[in-house]
Amino acid sequence: MGDPAQFERLLSASPFFGRLESDKRRAVAALCVTHSLARGETLFLKDDPADAFYAIRRGEIRITAGTGAGRRITLNILGPGDIFGEIALFDGRPRSADAVAAEPAELFAVRRRNMLDLVGRHADLSMRVIELLCERLRFASARLEEAVLMPLPARIARRLLGLAEDFGSEIHISQDDIADFAGTTRETVNRQLQSWRRQGMLDLHRNRVVVRDPAALALAALSF
């Protein structure tokens, strides 16, 4: 069984579910079950059936994909309060990436059949689902625009600021992962991070970045 009250608190902080009326949010929360993962355990793999969406109660989930050369890349890093897996849940298509626990994690899960039954009984909830899909489309469009038009330092700064917003000033991430996020090479990321380190904007450690001056980093994110 889950903890509907805690799950509802997570939903209320979500940009999408937070806009639902409180009774609809409680109805979604009542469907939840809990799911625990050990460090390194896989939640789902690419092409698996989309049978649930998830909210992270505690821990960290990495969304990853493989390349043709056998390399693994990190597409996103999710922490407590983040909700994921809802798009495949509604369109019924297979998962588009892998989800793996980077540390012991506890999740809330809502099964597809239960959520679709709830949506089918509430027309206004169906409209919220459409809004969610449009929101995700806008996000993808913004990421594409960012990748095409924004200079590399601004892209790196935006990724770091986004991670700091989710995880705090101490970000546990490798430079390879930052390069994946920004669409560049590790060497290029290292040069930029070293430059910002010399300016006092951040500290660098093994697989860890500590943001010291978020205001300066925010200015770098706008430099285009």
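Modeller: Rings of Phe, Tyr and Trp (its six-membered ring) pair when their centres lie within 6.5 Å, and planes under 30 degrees apart count as stacked, over 60 as edge-to-face and the rest as tilted. This is a predicted model, in which local features need pLDDT of at least 70 and side-chain atom pairs pLDDT 80 or more, while totals for chains, interfaces and linings use all residues. Residues are numbered from 1 along each chain as its sequence is written, and side-chain values use heavy atoms, leaving out hydrogens and water.

Biologist: Which residues do ring pairs link into a cluster?

Modeller: The whole structure holds 4 aromatic pairs. Ring pairs join three residues into a cluster, namely Phe44, Tyr54 and Phe84.

Biologist: Are the rings of Tyr54 and Phe84 stacked or edge-to-face?

Modeller: Tyr54 in strand β3 and Phe84 in strand β6 (DSSP E runs of at least two residues) are 30 residues apart along the chain. Their ring centres are 5.5 Å apart and their planes meet at 25 degrees, so the pair is stacked.

Biologist: Is Phe84 buried or exposed?

Modeller: Buried means under 20% relative accessible area, exposed over 50% and partly exposed in between, with a 1.4 Å probe and protein chains only. Its ring partner Tyr54 has 5% and is buried; Phe84, at 6%, likewise counts as buried.

Biologist: Which residue lies over the face of Phe44?

Modeller: A charge sits over a ring if NZ of Lys or CZ of Arg is within 6 Å of the ring centre and within 35 degrees of the ring normal. At 4.2 Å from the ring centre of Phe44, the residue over its face is Arg95.

Terms used
Helices (H or I, at least four residues) and strands (E, at least two) are DSSP runs, numbered from the N terminus.
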